[in-house]
Amino acid sequence: MSYFEEYSDALKGLKFIDLFAGIGGFRTAMESFGAECVFSSEWDKHAQKTYLENYGEMPEGDITTIEAEDIPAHDILCAGFPCQPFSISGKRMGFEDTRGTLFFDVARIANHHKPKILFMENVRNFETHDNGNTLKTVKETLNEIGYDFWCKVLNASDYGLPHNRERIFMIAIRKELNVKDFKFPIPTYEETCLRDIILPDEETAQYIINRNDMTIDESKIPSETLLNKLPNRPVRVGTINKGGQGERIYSDLGHAITLSAQGGGPGSKTGCYLINGKVRKLAPKECARVQGFPEGFKIPVSDGQAWKQFGNSVPVTVLKHILVSIITTPEISSILENEESLEDRELATA
Ligand SMILES: C[S@@+](CC[C@H](N)C(=O)[O-])C[C@H]1O[C@@H](n2cnc3c(N)ncnc32)[C@H](O)[C@@H]1O
């Protein structure tokens, strides 16, 4: 039994919503633990296509135009909302000061439905954005509407994925649940590298980069015998042109650089990797793997859209580790047991 299988029913009976859903990284993680999605919102038509194909549901569009009352009741609100500045200008910070931002929509929906838990994710520099005021406003707003708040920057590379992706994860829990301390998962530091997840050469020929301004520094290529001593991070072995954005080459014995929704250069969005003697980008399916999506995840869009979607998404494996932390938080696990017994009782009386 894999580590997560033990928890496959742990959220059974709980309902969640998936805001700024993208391709459903949160949904994949939540459903794998038995939770039921009752509403999703994503306005990008290409991401909607991937979402529909994988979850059988077309997300609603622009969240700013959806009334909170039109969203079903739920226990957990998931949101990887875009990072925007708040216009605080030295005044008090809180709910009203977030108006006009997408975080305001998270807060107004939470304020209406009062879900037990908010599970959110954002870019690493959300922590220091606007000298820390953005994060401070988020925390104060959530405190004001009845939540305790915890956050931490975690790197997917430290949780079993060959992907250097640092993101801030935020958990807000209703004050009535009286959670004194929420502990984010400790890193697993599993040894893993890109080579563990790459596709066979026959399936990746179209991603090879042919340039005559490529330099590989043989002395930097890690020895296979040292594999276990590699740092679980990207290992740079070469350069294209001047080594600018999308022009750095990495070893497949290290990790992928952060997948990104934007970015140029020959390795745009995925980076360039020396794999079986050739330099190439990662195929969309490899991007799905380094983000921890399941093998059966469908990719019904162009490569360009797929790279963008995986670059915008969230490391599913890290979300699952955080869910285990949520499930095993004592004040929460007792509620989950009650939910289960409530469901059992409903079944028994049906
Ligand atoms: C950082 S991505 C989140 C990705 C998601 N966590 C996933 O697993 O793929 C933010 C998403 O919010 C969507 N978005 C931005 N503004 C929106 C709005 N007003 N209504 C609905 N979706 C919006 C974007 O299209 C983008 O896909």
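## A buried phenylalanine, a covered ligand and paired strands

F20 is buried, with a relative accessible area of 17%; the cut-off for that word is under 20%. The structure described here is a predicted model. F20 is found in the loop between β1 (15–19) and α1 (25–32). Its phi is near 50 degrees, a positive value in a residue other than glycine. Most residues other than glycine have a negative phi.

A second residue with a positive phi that is not glycine is K269, where the angle is near 75 degrees. K269 is found in the loop between β9 and β10 (272–275). At 23% relative accessibility, K269 counts as partly exposed, because buried requires a value under 20% and exposed a value over 50%.

### The ligand and its surroundings

The ligand is surrounded by 19 residues, and I23, G25, E42, D62 and S313 come nearest. Sorted by character, the residues of this shell comprise eight nonpolar, eight polar and three charged. Three polar contacts of the ligand are set out below.

| Residue | Protein atom | Ligand atom | Distance |
|---|---|---|---|
| I23 | polar backbone atom | oxygen | 2.9 Å |
| G25 | backbone N or O atom | oxygen | 2.9 Å |
| D62 | polar side-chain atom | nitrogen | 2.9 Å |

On its own, the ligand has 610 Å² of accessible area, and the protein covers 89% of this. The backbone of I23 and the backbone of G25 each face an oxygen atom of the ligand in these contacts, whereas the side chain of D62 is paired with a nitrogen atom.

### Strand β8 and its partners

Strand β8 covers residues 236–240, and four of its five residues are buried, so the strand is largely enclosed by the rest of the structure. Strand β7 (residues 214–216) pairs with β8 in the antiparallel sense over three bridges. Pairing between β8 and strand β9 (residues 248–251) is likewise antiparallel and also runs over three bridges.

G238 takes part in the pairing with both strands. In β8, G238 is the bridge partner of I216, and G238 also stands opposite I249 in β9.

### Aromatic pairs

A search of the whole structure finds 15 aromatic pairs. One of them joins Y3 and Y7 in an edge-to-face arrangement, with 6.0 Å centre to centre and 65 degrees between the planes. Y3 is partly exposed, with a relative accessible area of 44%, whereas Y7 counts as buried at 12% relative accessibility. Y3 and Y7 also belong to a cluster, linked by ring pairs, that includes F4 and F33.

Another aromatic pair is formed by F293 and F310, again edge-to-face, at 5.6 Å centre to centre and with 75 degrees between the planes. F293 lies in the loop between α5 (284–290) and α6 (303–312), while F310 lies in helix α6, so the pair ties together parts that are 17 residues apart in sequence. Both residues of this pair are buried: F293 has a relative accessible area of 4%, and F310 has one of 1%.

Key:
Residues are numbered from 1 along each chain as its sequence is written. This is a predicted model: local features need pLDDT of at least 70, side-chain atom pairs count only at pLDDT 80 or more; totals for chains, interfaces and linings use all residues. Side-chain values use heavy atoms; hydrogens and water are left out. A residue is near a molecule or strand if one of its heavy atoms lies within 4 Å of it. A polar contact is a pair of N or O atoms within 3.5 Å; within protein, one must be able to donate a hydrogen and the other to accept it, and residues adjacent in sequence count only if both atoms are side-chain atoms. Accessible areas come from the Shrake-Rupley method with a 1.4 Å probe; for residues, only the protein chains shown count as cover. Ala, Val, Leu, Ile, Met, Phe, Trp, Tyr, Cys and Pro count as nonpolar, Asp, Glu, Lys and Arg as charged, and the others, Gly among them, as polar. Buried means under 20% relative accessible area, exposed over 50%, partly exposed in between (1.4 Å probe, protein chains only). Helices (H or I, at least four residues) and strands (E, at least two) are DSSP runs, numbered from the N terminus. Two strands pair if DSSP finds at least two bridges between them. Rings of Phe, Tyr and Trp (its six-membered ring) pair if their centres lie within 6.5 Å; planes under 30 degrees apart count as stacked, over 60 as edge-to-face and the rest as tilted.
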